[in-house]
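Hi everyone, thanks for making time this morning. I'd like to walk you through a model I've been looking at, so let's put it on the screen.

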Amino acid sequence: MKKVKILVTGGAGFIGGNFIHFMLKKYSHYRIYNLDALTYAGDLTKHKEFETNSNYKFVKGDITNREELLQLFEVEKFDYVVHFAAESHVDRSIIDPGIFVKTNVIGTQNLLDAARQYGIKKFVHVSTDEVYGELDLDPTTFFTEDTPLQPNSPYSASKASSDLLVRAYHETYKLPVNITRCSNNYGPYHFPEKLIPLTISRVLNDEKVPIYGDGKNIRDWLHVLDHCSAIDLVMHDGVNGEVYNVGGHNEKTNLEVVQTIIKALGKSEELILFVEDRLGHDKRYAIDPSKLEKLGWKSIYNFDTGIAQTIQWYVENEQWWNEILNGDYQKYFEK
Ligand code: NAD
Ligand code: DAU
């Protein structure tokens, strides 16, 4: 039987990596191509288990290299594209916005052109709730798919720009697309520059955990495997041209998240260090996922069990994150 070909971009990263595992385990008739430039955030350790699987192929490549991309499409004739590749860290976008525009906007446009030229069944663009800007602290307000785009950081502005291009390629060229906008993910292989893995790794090393501002900013945490099941559903059943928000109603202040981790690891809250606030720091994110739920999605993880399993994973995989912390990452963290 001819295998269905799926191009996953950014599959050496946190969510794309988990998505590839999820799909390879669930489907035997899909051949997954992982196109990744292996930036500082890319790492293939997570695919050791699958590197010899004939349904998996790694292709080192950069989505900003248009010619290379077109050639890959010409040779492989993909059926689906699931697009994760991006610069993803808000703090880095504040330090250096240029690479965010290059990768997230130009890279996405290149992929859209290739998908259009070679024809595909579906282009799933993995976006973020940050494109909606921020909510106030009123717990009854949520981001819906109709919330206006009001990105506040260079990262979210670059993602919003790419969302608009994806939308335009559907309206203009009838490219079959979906956009997903997910809240904050957590789980295995989360790069230790983001709040949860940064906190776990620093607490395990008895190092201070920096909390920006007063720690009262709120994020809506979703286990990465719940995000993967959402993308799987949208890829197969999403109505062309539609946007789907993804979130599991797990709203926590940053301080609550850090305190939960410190308690689970039996350490002292003296490790908390309140530091200068992030520039343009969004107050609160919270997702209304009802449109996706009507399509058939349901989250499986609640935060308490998900975070306990995640902490355990970091305890058991110290070598993975220690190698990252001992590399170039250290220079960025000091900055
Ligand atoms: P990540 O930073 O862990 O991984 C990004 C991957 O993209 C890396 O493997 C990197 O090597 C690759 N990459 C970067 N530039 C590239 C280029 N020019 N060409 C090819 N590959 C390139 O990111 P993540 O946290 O896994 O996020 C994946 C996607 O999901 C992003 O689009 C992000 O905006 C979105 N998202 C993330 C979250 C979250 O909480 N992490 C939530 C919602 C949406
Ligand atoms: O909402 C989805 C977004 O979630 C994704 O689009 C982004 O790719 C992803 O990085 C994430 O963005 P955030 O900025 O919300 O995640 P981060 O882990 O960087 O920060 C979470 C919160 O914790 C935020 O309010 C800032 C705060 N924080 C973060 C770090 C790294 C701290 O207080 N201290 C820190 O050291």
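I'll talk about the two ligands, then one helix residue, and then a few salt bridges. Please keep in mind that this is a predicted model.

Let's begin with ligand 1. Which residues are closest to ligand 1? They are Ile15, Asp36, Ser88, Tyr155 and Lys159, out of 28 residues that surround this ligand. If you zoom in on the polar contacts, you'll find a polar side-chain atom of Asp36 at 2.6 Å from an oxygen atom of the ligand. The side chain of Asp62 has an N or O atom 2.8 Å from a nitrogen atom of ligand 1. The backbone takes part as well: a polar backbone atom of Asn185 is 2.9 Å from an oxygen atom of ligand 1. Of the 850 Å² of accessible area that ligand 1 has on its own, the protein covers 96%.

Now, where does that shell come from? Helix α1 (14-26), strand β5 (122-128) and helix α5 (154-173) each supply at least two of its residues, and β5 gives the most, with three. By class, we have 13 nonpolar, 12 polar and three charged residues around ligand 1.

Over to ligand 2, which has 23 residues around it. Thr128, Asp129, Tyr155, Arg278 and His281 come nearest. You'll have spotted a familiar name there, as Tyr155 is also among the closest residues to ligand 1. Two acidic side chains are worth a look here: a polar side-chain atom of Asp129 lies 2.5 Å from an oxygen atom of ligand 2, and one of Glu130 lies 2.7 Å from an oxygen atom of ligand 2. A polar backbone atom of Pro210 is 2.8 Å from a nitrogen atom of the ligand. Taken alone, ligand 2 exposes 680 Å², and the protein buries 94% of that.

For this shell, α3 (90-95), α6 (195-204) and β8 (209-212) each supply at least two residues. The largest share, three residues, comes from β8. The classes here are nine nonpolar, seven polar and seven charged.

Let's go back to helix α5 and pick out Ser158, which sits in it. Is Ser158 buried or exposed? Its relative accessible area is 2%, so Ser158 counts as buried. Beyond its neighbours within four places in sequence, Ser158 is in contact with Phe100, Val101, Asn104 and Val105. Take Val101: it is 57 residues away along the chain, yet the two C-alpha atoms are separated by 5.5 Å.

Last topic, salt bridges. How many does the structure hold? There are 13, and I'll show you three.

One of them pairs Glu76 with Lys5, with the closest N and O atoms 2.9 Å apart. This pair links distant parts of the chain, since Glu76 is in helix α2 and Lys5 in strand β1, 71 residues apart. Glu76 is buried, at 12% relative accessible area.

Next, Arg284 and Glu251 meet at 3.0 Å, N to O. Arg284 lies in the loop between β13 and α9 and Glu251 in strand β12, so the pair ties together parts that are 33 residues apart in sequence. Arg284 is buried at 0% relative accessibility, whereas Glu251 is partly exposed at 26%.

Finally, Glu207 and Arg202 form a salt bridge with the closest N and O atoms 3.6 Å apart. Glu207 counts as partly exposed at 32%, and Arg202 as buried at 18%.

That's my tour, and I'm happy to take questions.

Notes
Residues are numbered from 1 along each chain as its sequence is written. Chains are lettered from A and ligands numbered from 1 in the order in which they are written. This is a predicted model: local features need pLDDT of at least 70, side-chain atom pairs count only at pLDDT 80 or more; totals for chains, interfaces and linings use all residues. Side-chain values use heavy atoms; hydrogens and water are left out. A residue is near a molecule or strand if one of its heavy atoms lies within 4 Å of it. A polar contact is a pair of N or O atoms within 3.5 Å; within protein, one must be able to donate a hydrogen and the other to accept it, and residues adjacent in sequence count only if both atoms are side-chain atoms. Accessible areas come from the Shrake-Rupley method with a 1.4 Å probe; for residues, only the protein chains shown count as cover. Helices (H or I, at least four residues) and strands (E, at least two) are DSSP runs, numbered from the N terminus. Ala, Val, Leu, Ile, Met, Phe, Trp, Tyr, Cys and Pro count as nonpolar, Asp, Glu, Lys and Arg as charged, and the others, Gly among them, as polar. Buried means under 20% relative accessible area, exposed over 50%, partly exposed in between (1.4 Å probe, protein chains only). Contact means heavy atoms within 4.5 Å. A salt bridge is a side-chain nitrogen of Lys or Arg within 4 Å of a carboxyl oxygen of Asp or Glu.
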